[in-house]
Amino acid sequence: MPFSPSDIAAANTPAVLIDLDIAQANIERFQDYADRHGLKVRPHIKTHKLPLVAEMQLAAGAAGITCQKVSEAEAMIAGSAAVTDVLITYNIVGAEKLAHLKALATKVKLSVVADSQAVADGLSRIFQDGPQPLTVLVECDTGANRCGVVSPAAAADLAAHIHRSPGLVFGGLMTYPPAGGEAAVERFMAEAKARIEAQDIAVPVITSGGTPSMMHAAEAPVTTEYRPGTYVYNDRSLVTRGVCGWDDCALTVLATVVSVPAPNRAIIDAGSKTLTSDLLGLNGYGHVLGRDDILIDQLSEEHGRLVSSGNIGLSVGDRLRIVPNHACVVTNMVDHVLAIGAGRPAPELLPVAARGKIV
């Protein structure tokens, strides 16, 4: 059931609205694709940070979840008994984080990544006296130029180092490629896998990710697992790429017009603290549903400026729904989201359990 006009009128703004029925359809769409191609799905929960939505993903067939930080994983595990298998795709460095990681490993099946011996050695020092070894995947740079070893040879060397390290077990290879990077993933991972297996070390998992290319994931058949994130909500960046349509966007920001200082200009009560200042190569800071003529051309912390080439046709008190450029950041900026669907007769405020979990 979508948000009704009375729901919109009753909400206190700015508000982040979630249509769980749209989210469910998005989840099932990719799960069906993955099932057809023999891929496991391990969705990244940084987009929604909600145990409820993780449960929806797991119920649809996901093998586990992906988290970005240790505290994010802690919040998701505490929030749902259904979360039993977690991969943290971030180099974990620092004594306090490692202590929390060791505690987490007693609660769920846990895997992490490393792209250097320094990171792997830090993990080994903590887990060498643990009750069970920690599974560590080698992160590989297949073209995104962020983290990751930069060659298959380096991946094989680090895999062997992890394999020899007390308290660790080598779990496979991980990458976050650029959009359209399937061919590069296939080349890199196939060579790295062959080099590692030549050392009599098994490569049980090869995990890739990224929503923009998710419906092409099978074009890298060496991949055994895929980690989409934004797909659950979608956003303006994905609509612009042709990945989805506006009707596939489960997250919108509801804002109120608070000023109309000129015929072609209006101000809303959602600024950078709600809509995010991420541009992602786009012009403007979100799409106003039903008003293609409006550009959100400027944000300050609590103000969003809307402009039009003609009369903007808005009045103080009008309410607008906006698809943000980047849904993942929006989620992390609010304590609660207002959710509808999944059998709810009326909108319900849901706490964002992993909000602010950045360590």
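How many positive and how many negative side chains does the chain have, and how far apart do the centres of the two sets lie?

1. Let's take the charges straight away. The chain carries 29 positive side chains and 37 negative ones, and the centres of these two sets are 4 Å apart. Keep in mind as you read on that this is a predicted model.

2. Now for the overall build. You'll find 11 helices and 17 strands in the chain. Its radius of gyration is 22 Å, close to the 21 Å that the globule rule gives for 359 residues, so the chain is as compact as a globular protein of that length. Along its principal axes, the C-alpha trace spans about 70 × 40 × 35 Å.

3. Next, inside and outside. Of the 359 residues, 54% count as buried. The accessible surface adds up to about 14800 Å², and carbon and sulfur atoms account for 51% of that.

4. What about contacts along the sequence? Take those between residues at least 6 apart: 66% of them join residues at least 24 apart.

5. Helix H5, residues 95–104, is a nice one to look at up close. Its buried residues are Leu98, Leu101 and Leu104. Looking down the axis of H5, you'd see these buried residues fall within an arc of 115 degrees, so they line one face of the helix. A general rule helps here: an α-helix has 3.6 residues a turn, so residues three or four places apart point the same way.

6. Turn to the surroundings of H5. The face turned away from its buried side carries the exposed residues Ala95 and Glu96. The cover over the buried residues of H5 includes helices H4 (70–79) and H6 (117–127), along with strands S4 (85–91), S5 (109–114) and S6 (134–140).

Note on methods
Residues are numbered from 1 along each chain as its sequence is written. This is a predicted model: local features need pLDDT of at least 70, side-chain atom pairs count only at pLDDT 80 or more; totals for chains, interfaces and linings use all residues. Side-chain values use heavy atoms; hydrogens and water are left out. Helices (H or I, at least four residues) and strands (E, at least two) are DSSP runs, numbered from the N terminus. The radius of gyration is taken over C-alpha atoms; the globule rule is 2.2 Å times the number of residues to the power 0.38. Buried means under 20% relative accessible area, exposed over 50%, partly exposed in between (1.4 Å probe, protein chains only). Contact means heavy atoms within 4.5 Å. Accessible areas come from the Shrake-Rupley method with a 1.4 Å probe; for residues, only the protein chains shown count as cover. Lys and Arg count as positive and Asp and Glu as negative; His and the chain ends are not counted. The place of a charge is taken as NZ of Lys, CZ of Arg, CG of Asp or CD of Glu. The arc is that of the directions from the helix axis to the C-beta atoms.
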